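Student: I'd like to go through this one with you, question by question. Can we pull it up?

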Amino acid sequence: MATWQCVKQCGACCHLDPAERPDLDEYLLPDEMELYLSMVGEGGWCINFDKDSRECRIYPDRPRFCRVESEIFLDMYGIEPEELDDFAIDCCRQQIEGVYGDRSLEMLRFDQAVGF
Ligand code: SF4
Ligand code: SF4
């Protein structure tokens, strides 16, 4: 069974372009939606994303919707803890495909790390 983990040198989920996430209002609360939109910067990237290091500049204080935690995923998406790995892997793969491509180094590294 594949186990989700975040890999270094990715950051695909920090590409927030709302045009690519049309269902945002289905899982974000109104104030979260406001926060989300306020974070969208140049080229659709989060203003807190450091493109050189590919890391979050506010990691310990990142919003709830940036966190892969079972309680949050249950609340936001109705995903039970035992489904979390598969669901989060799917989310990452979709995001990585959209940002870097299906055959990118990022996808390869992610698949290797999670055992997909
Ligand atoms: S898309 Fe997934 S692997 Fe890539 S930075 Fe986001 S959580 Fe980590
Ligand atoms: S706040 Fe941090 S983790 Fe969340 S999208 Fe922005 S850079 Fe990524």
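**A helix and its surroundings**

Tutor: Let's start where helix H4 stops: just after H4, Gly 101 takes a positive phi of about 105°. Keep in mind that this is a predicted model.

Student: OK, what span does H4 reach from its first C-alpha to its last?

Tutor: H4 has 17 residues, and at 1.5 Å a residue you'd expect 24 Å. The model comes close to that, with a span of 23 Å.

Student: Where around the axis do the buried residues of H4 sit?

Tutor: First, the list: Ala 88, Cys 92, Gln 95, Ile 96 and Val 99 are the buried ones. They cover an arc of only 100° around the axis, so they're on the same side of H4.

Student: And which element do those buried residues pack against?

Tutor: Try Cys 92 as a way in: leaving out residues up to four places away in sequence, Cys 92 touches Cys 13 and Phe 110. Helix H5 runs over 105-114. The buried residues of H4 pack against H5.

Student: Which element gives the largest share of the largest nonpolar core?

Tutor: That core has twelve residues, including Cys 10, Leu 16, Ala 88 and Met 107. Two helices, H4 and H5, give two or more residues to this core. The largest share is four residues, and it comes from H4.

Student: Last one: how do the residues around ligand 2 divide?

Tutor: The shell includes Met 39, Phe 49, Ile 58, Asn 48 and Arg 62. Cys 14, Leu 16 and Cys 46 surround ligand 2 too, and they also belong to the largest nonpolar core. The split is eight nonpolar, one polar and one charged.

Notes. Residues numbered from 1 in each chain as written. Chains lettered and ligands numbered in written order. Predicted model: local features only at pLDDT ≥ 70, side-chain atom pairs only at ≥ 80, totals over all residues. Core = buried A, V, L, I, M, F, W, Y, C linked by C-beta atoms within 7 Å. Buried ≥ 20, exposed ≤ 12 C-beta atoms within 10 Å, placed from the backbone. Contact = placed C-beta atoms within 7 Å. Near = placed C-beta within 6 Å. Nonpolar A, V, L, I, M, F, W, Y, C, P; charged D, E, K, R; others polar. Expected span 1.5 Å × (residues − 1). Arc of directions from axis to C-beta.
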